Amino acid sequence: MTKQTAERRSNRRRLFAPVDLHSVRSREDLVALTRSGYAGIRLTGHFALQEMGDDELVFLIALLRDARGVGLRVSWSGDCGTLEVGGLRHLDPPRRPDGSFAWSAQQGGALVVRRGPTFLAVEDTRHGERRRIDVDRSEPAAAVLDESRWGRTLTPAEAASLESLELHDLVFRAGDHAVGIAVRQGVWCV
């Protein structure tokens, strides 16, 4: 590799791709941006989270989760209002109009899920100490935690079984839509 090629790659790695929220449709789109050398994405517009529709809000949270999962940072602007954001502290926060961030990311705070053959192993360090939560994959709620589609509608069985995930702040729910907020990190070695 020539010095110029290395410099171009280094410069691209620091760039943020400007994108519209709905121009990115899946995790695969984010992977393509990573492979082309981008360090992150800059969402265009300002998002008033409490004014967004349930499906669009869940779509945004899924994008934040998957961007973190593929190593992209997200620069975005928004207001949370009274929306509960405590469980989202491992994701990139929006910048408010006054320049401050809507939530502060805790140093070293992470929420990751690994898939085992019969369980999902969640490691949570968002609140300081490390805790591990195992979720049986046969439970309907596990499908929400393991899901990678964005903006999905809950089935009645999933909606009824989400309480345990909500108690641990492992899912973001808005109306009939929900998304697991743990960043997926592959397969658990067994």
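The exercises below look at salt bridges in a predicted model, and each one is followed by a worked solution.

**Exercise 1.** Find how many salt bridges the structure holds, and determine which parts of the chain are linked by the pair Arg68 and Asp92.

*Solution.* Begin with the total, which is 9 salt bridges in the structure. In one of them the side chains of Arg68 and Asp92 meet, with a distance of 2.7 Å from N to O. Next, place the two residues: Arg68 belongs to helix α3, which covers residues 54-69, while Asp92 lies in the loop between β3 (73-79) and β4 (111-115), so that the pair, 24 residues apart, links distant parts of the chain.

**Exercise 2.** Decide whether Arg68 and Asp92 are buried, partly exposed or exposed.

*Solution.* Buried means under 20% relative accessible area and exposed means over 50%, with partly exposed in between. Arg68 has a relative accessible area of 29% and is therefore partly exposed, whereas Asp92, with a value of 4%, is buried.

**Exercise 3.** Identify the salt-bridge partners of Asp124, and describe how accessible each of these residues is.

*Solution.* Start with Arg126, whose side chain meets that of Asp124 in a salt bridge of 2.8 Å, N to O. Asp124 also forms a salt bridge with Arg131, where the closest N and O atoms are 2.7 Å apart. Turning to accessibility, Asp124 is buried, with a relative accessible area of 0%, and Arg126 is buried as well, with 3%, while Arg131, at 27% relative accessibility, counts as partly exposed. Elsewhere, Arg68, Arg73 and Asp92 are joined into one network by salt bridges that share partners.

Technical notes. Residues are numbered from 1 along each chain as its sequence is written. This is a predicted model: local features need pLDDT of at least 70, side-chain atom pairs count only at pLDDT 80 or more; totals for chains, interfaces and linings use all residues. Side-chain values use heavy atoms; hydrogens and water are left out. A salt bridge is a side-chain nitrogen of Lys or Arg within 4 Å of a carboxyl oxygen of Asp or Glu. Helices (H or I, at least four residues) and strands (E, at least two) are DSSP runs, numbered from the N terminus. Buried means under 20% relative accessible area, exposed over 50%, partly exposed in between (1.4 Å probe, protein chains only).
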